[in-house]
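Colleague: I should like to learn how to read this model, feature by feature. Could we begin with the confidence and then proceed to individual residues?

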Amino acid sequence: MLLGLLATAVLADGDDSATTGAGQGSVEALPTPSFPLDATGTPPVEDGPSVDDSAPASEEEDPARPEAPSDDAHTAPPNTCLSDVGGEGMYRSLACRPGAYRLLARYGAGASAAACQGAGKVTVTYPDQLLCLRYEYSETAAYAEVGNCVYGQSSGGNWSLRKCSTGTFQVTGRHHTTDTDVCPDGPIRGTRYYTGHERVANLVLCYRAVMPDDGYQLQLNECVLVERFSSGKALIHRSGCPSANGVVTGRLSYGQEKKCGNDGYVPYQFPGWPELSYVVCWRYR
């Protein structure tokens, strides 16, 4: 797996107390727990006084109606950032930063949690309204859906959402876990993961490098179809030997095309990733 090449600094697996950081399919929406939450993302159970089932209920008493908490989340305008202060189930406004929740939208009572579906989004329900919050990650790449593309250099730094093109990484899976084994193995595949204050924010992205052709994965003596252009550029593709016009005679690091001798060659430099750059030598068959 390319994880050894593509993965960047990661936090310890399962460390729910860590601040948000970069580490590193069908799209999986975040769980949609109801407010308030405990550290495990499930509604807390509070101990209360025992109830005497033998006591007759008064016909004049109405069931107690839940009161809306008077925290900042209940009245904050959209784009306000919030944090569950002390894990007490009361959201307070604060400066927007990684690890906070950004209020995206507010809906009336009875709204469906499906209104909050999307990358990084969670719901908080009050008796009279439903809020859509988005966990604030340190990188925009963490908001990529399956099919979106991201980019970051192998030497480190932030990863960001990008328009899909050769030289980017296409997201093939999005999983709310820190188990990178959920991603398939392969020579141009990798993972990037993020951990948050709560397990609901833990995220693993699976991705594959977007290459111009099959050059990175070709092996010596493999039959290939070489596509040549008037500009002098060439692409090289896997092909069954009956329909192939060439055969691979060597694989080299980028910049070593002179070692191909009199054979043709197809080079590619993956921006910021020498590990994914190559030269394939070939000759007509």
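**Confidence, core and charged pairs**

Modeller: Confidence is read element by element. In this predicted model, helix H1 (residues 3–6) has the lowest mean pLDDT of the elements, at 35, and strand S7 (residues 149–153) has the highest, at 97. Residues 1–58 have a pLDDT below 50, and this stretch has 129 contacts in the model beyond near neighbours in sequence.

Colleague: Over which other residues does pLDDT stay under 50?

Modeller: Residues 62–69 are such a stretch, with ten contacts beyond four places in sequence in the model. For the protein, the mean pLDDT is 78, and 73% of residues reach 70 or more.

Colleague: How should one read the nonpolar core, and which residues have the most contacts inside the largest one?

Modeller: One takes the number of residues, then the residues with the most contacts, then the elements that contribute. The largest nonpolar core has 46 residues, and Phe-169 and Phe-270 have the most contacts inside it. Strand S11 gives the most to this core, with four residues. The contacts of Phe-270, apart from neighbours within four places in sequence, include Phe-169 itself, together with Tyr-151, Gly-167 and Thr-168. Phe-270 also touches Ala-209, Val-210, Met-211, Leu-276 and Ser-277.

Colleague: May we turn to a single residue? Is Val-280 buried or exposed?

Modeller: Relative accessible area is the quantity to consult. Val-280 has a value of 0%, and is therefore buried, the cut-off being under 20%. This residue is found in strand S16, which covers residues 278–284.

Colleague: Which residues does Val-280 touch, setting aside those up to four places away in sequence?

Modeller: The contact list reads in groups along the chain. Val-280 touches Gly-215, Leu-218 and Ile-236, among others. Further along, the list includes Val-248, Gly-250 and Arg-251, and also Gly-264, Tyr-265 and Val-266. A C-alpha distance may be read beside such a list: Val-280 and Ser-253 are 27 residues apart along the chain, and their C-alpha atoms are separated by 8.7 Å.

Colleague: How many salt bridges does the model have?

Modeller: The count comes to six. For each pair one reads the N to O distance, the location of both residues and their accessibility. In the pair of Glu-222 and Arg-238, the N to O distance is 2.5 Å. Glu-222 lies in the loop between strand S11 (203–209) and strand S12 (223–228), whereas Arg-238 lies in strand S13 (residues 234–238), so the salt bridge ties together parts that are 16 residues apart in sequence. Glu-222 counts as buried at 19% relative accessibility, while Arg-238 is partly exposed at 41%.

Colleague: Where are the two residues of the pair Asp-263 and Arg-283 placed?

Modeller: Their closest N and O atoms are 3.4 Å apart, forming a salt bridge. This pair links distant parts of the chain, 20 residues apart: Asp-263 is in the loop between strand S14 (246–252) and strand S15 (264–268), and Arg-283 is in strand S16. Asp-263 counts as buried at 18% relative accessibility, and Arg-283 is partly exposed at 44%.

Colleague: Which residues are linked in a network of salt bridges?

Modeller: A network is read by its members and their surroundings. Here the members are Arg-102, Arg-134 and Glu-136. Between Glu-136 and Arg-134, the closest N and O atoms are 3.0 Å apart. Glu-136 is buried, with a relative accessible area of 8%, whereas Arg-134 is partly exposed at 22%. Arg-102 is placed in strand S4 (residues 101–108) and is buried, with a relative accessible area of 17%.

Colleague: Which residues is Arg-102 in contact with, leaving aside neighbours within four places in sequence?

Modeller: Besides Arg-134 and Glu-136, the contacts of Arg-102 are Asn-79, Thr-80, Cys-81, Cys-96, Cys-132 and Leu-133. With Asn-79 there is a polar contact of 3.5 Å between the side chains.

Colleague: Asn-79 leads to backbone angles. What is the phi of this residue?

Modeller: One looks at the sign of phi together with the residue type. Asn-79 has a phi near 80 degrees, a positive value in a residue other than glycine, and is located in the loop between strand S1 (21–22) and strand S2 (81–84). Asn-221 likewise has a positive phi, near 70 degrees. Asn-221 is in the loop between S11 and S12, and is exposed, with a relative accessible area of 57%.

Key: Residues are numbered from 1 along each chain as its sequence is written. Side-chain values use heavy atoms; hydrogens and water are left out. Buried means under 20% relative accessible area, exposed over 50%, partly exposed in between (1.4 Å probe, protein chains only). Contact means heavy atoms within 4.5 Å. A salt bridge is a side-chain nitrogen of Lys or Arg within 4 Å of a carboxyl oxygen of Asp or Glu. A polar contact is a pair of N or O atoms within 3.5 Å; within protein, one must be able to donate a hydrogen and the other to accept it, and residues adjacent in sequence count only if both atoms are side-chain atoms. pLDDT is the predictor's confidence in each residue, from 0 to 100. A nonpolar core is a set of buried Ala, Val, Leu, Ile, Met, Phe, Trp, Tyr and Cys residues joined through side-chain atoms within 4.5 Å.
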